[in-house]
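Thanks for sharing this one. Below are some numbered notes to read with the structure open beside you.

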Amino acid sequence: MIEINHVSKWYGPLFQALKDCTTSVARGEVVVVCGPSGSGKSTLIKCVNALEPFQQGKIIIDGISLTDPKTNLPKLRARVGMVFQHFELFPHLRIIDNLCLAQEKVLGRSHDEAAAKAMKLLERVGLTTHARKYPAELSGGQQQRVAIARALAMDPIAMLFDEPTSALDPEMISEVLDVMVDLAREGMTMMVVTHEMGFASKVAHRVIFMDQGEIVEDTPKADFFGKPRSDRAQKFLSKILSH
Amino acid sequence: MFGNFDFDVIARALPYLFREGMVFTLTLTALSALGGIVVGTLIALLRLSGFRLLSRIAALYVDLIRSLPLVLVIFWFYFLVPYIGQWLTGAARPIKVGAFASSLITFIMFEAAYYSEIMRAGIQSISRGQPAAAQALGLTYGQTMRYVVLPQAFRNMLPVLLTQTIVLFQDTSLVYVVSIPDFLGAASIVGQRDGRLVEMYLFAALVYFVISCVASFGVRQLQARIAIVR
């Protein structure tokens, strides 16, 4: 479904953010990407949606290469859902309109059709009563659930999550993770950048560990939590699991 | 000191002052603001676009316009537009452009430079995550601007845009250099005819003051109401 082949990215001439990254996510697979801050995991997931350009390598989504000049990027992005660390709901639109905008403008659905779909998804994330509100009237956890619903409204073939719980207060993390766990169990293809190791051990199939722009480890979940092969991953795990 | 003043002259001139003069002033202000904001937004988009040449041209335009006195631009434009029109259309004679059309074009071009800087600040005030989220949903660059970035930028910038429009309302009085009877022009015509310039200019100042003050107050009220909560 998602193939990342030898991708390298530089910021300016000197700083290399990604070093020859190669991995893949199969249909229905849930892959968790973790690593210390600045390791390039967010950059990598943004490259998958072509929100960040990269200088070398190839990313192929459902058989379509991102770097092929013939690729219609907006069309391809519409098929891959993305959830951001800071939610990025559109503050000038009501919740329902946040969910309808792209359905109507990109997929060409009628307003009624889009609204029906939106309400169904809001029900799924437990927020139907908030449909007429503006994003700022919702808590962080609620906003992030709306953001997930907004991405799902496009009927994506895969979902990307870029640290979806990092900006949330602790008591709101679980309501977002619950939605993600449900998604994973339904067989959604997911690539998730997160530090939530509980989530990883519950639903991930594979765990990718990144450090300094490199994919250091790319192993089945059991192996990763059993005993990571690299020192760096061991150190990272001992740090985040010690409390 | 007001003993020698004849305020009656004002009362007699009121219909002319407002029906002719003020209507012209307000029409010119409204149309210039509208055109200026549209063209200014386009210039701001060019300036922020990734194409270096386009953004340099837009920046040059803004710098050029902002370094010229408005009076000069009005003056030159009034005399140049007929010849530019002739050159563009290849006509045998200079194209006749009315004083209104000429001053309208001047004000749109001039104000566009100022509005574009306001819009640029407005667009840049939107966090980069917003266009990223819009694009991640599959919106094109144009749709992202139209449905996500510009509506927010407009709302953030509306008070400043309106304040600039109040300045524009006062600036329209400069069309007197090409003898157009706007409100101030009309007042000055009456004043000269009746030899009551002081009364007429005092009255004109009062009218500009009241309208601008009320408008500024309105902007402040609006500002409090439309702010987007984040």
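1. Let me start with strands β3 (residues 30-34) and β9 (residues 206-211) of chain A, which run parallel and are joined by 4 bridges. One pair to look up is Val32(A), which has Val207(A) of β9(A) standing opposite. Please keep in mind that this is a predicted model.

2. On its other side, you can follow the chain from β9(A) into β10(A): these two pair in the antiparallel sense, over 6 bridges. Together β9(A) and β10(A) make a hairpin that leaves 2 residues between the strands, and Gln212(A) in the turn has a positive phi of about 50°. Within this pairing, Asp218(A) of β10(A) is the residue opposite Ile208(A).

3. Now for the sheet that holds these strands. It is open, has 6 strands in the order β6-β7-β8-β3-β9-β10 (chain A), and its pairing is mixed. Which strands are at the edges? They are β6 and β10 (214-220) of chain A, each of which pairs on one side only. Averaged over the sheet, neighbouring strands are turned by 15° against each other, with direction ignored. Helix α6 (residues 170-185) of chain A packs on this sheet and touches β3, β7 (158-162) and β8 (190-193) of chain A. The direction of α6 makes about 150° with that of β8(A).

4. Chain A has another open sheet, and here the pairing is antiparallel: 4 strands in the order β2-β1-β4-β5. Its edge strands, β2 (15-25) and β5 (64-65) of chain A, each pair on one side only. Strand β4 (residues 56-61) of chain A is joined to β5(A) by 2 bridges, and the two strands run antiparallel. Here Ile60(A) has Ser65(A) in β5(A) as its bridge partner. Helix α1 (residues 41-48) of chain A packs on this sheet, touching β1 (2-11), β2 and β4 of chain A. Its direction makes about 120° with that of β1(A).

5. A salt bridge worth a look is the one between the side chains of Arg79(A) and Asp62(A), at 2.7 Å from N to O. Arg79(A) sits in the loop between α2 and β6 of chain A, and Asp62(A) in the loop between β4 and β5 of chain A, so the pair ties together parts that are 17 residues apart in sequence. Over all chains, a search of the whole structure finds 19 salt bridges.

6. Chain B has a simple make-up to describe: 8 helices and 0 strands. Along the sequence the pattern reads α-α-α-α-α-α-α-α. The C-alpha atoms of chain B fill a box of roughly 70 × 55 × 25 Å along the principal axes.

7. Last comes the interface, where 21 residues of chain A are in contact with 21 residues of chain B. How much area is buried between chain A and chain B? The value is about 1,800 Å², and carbon and sulfur atoms give 68% of this area. On the side of chain A that touches chain B, the elements giving two or more residues are α2 (73-78), β6 (80-83), α3 (95-105) and α5 (140-152) of chain A. The residues on that side divide into 15 nonpolar, 2 polar and 4 charged. Even with those 4 charged residues, the count of salt bridges between chain A and chain B is 0. Polar contacts do cross the interface of chain A and chain B: the rule finds 4 such residue pairs, both residues at pLDDT 80 or more.

How values were computed: Residues are numbered from 1 along each chain as its sequence is written. Chains are lettered from A and ligands numbered from 1 in the order in which they are written. Side-chain values use heavy atoms; hydrogens and water are left out. Contact means heavy atoms within 4.5 Å. Buried area is the accessible area (1.4 Å probe) that two parts lose on being put together, summed over both. A salt bridge is a side-chain nitrogen of Lys or Arg within 4 Å of a carboxyl oxygen of Asp or Glu. A polar contact is a pair of N or O atoms within 3.5 Å; within protein, one must be able to donate a hydrogen and the other to accept it, and residues adjacent in sequence count only if both atoms are side-chain atoms. Ala, Val, Leu, Ile, Met, Phe, Trp, Tyr, Cys and Pro count as nonpolar, Asp, Glu, Lys and Arg as charged, and the others, Gly among them, as polar. Two strands pair if DSSP finds at least two bridges between them. Axes are lines fitted to C-alpha atoms, for helices over the stretch in contact, and angles run from 0 to 180 degrees between N-to-C directions.
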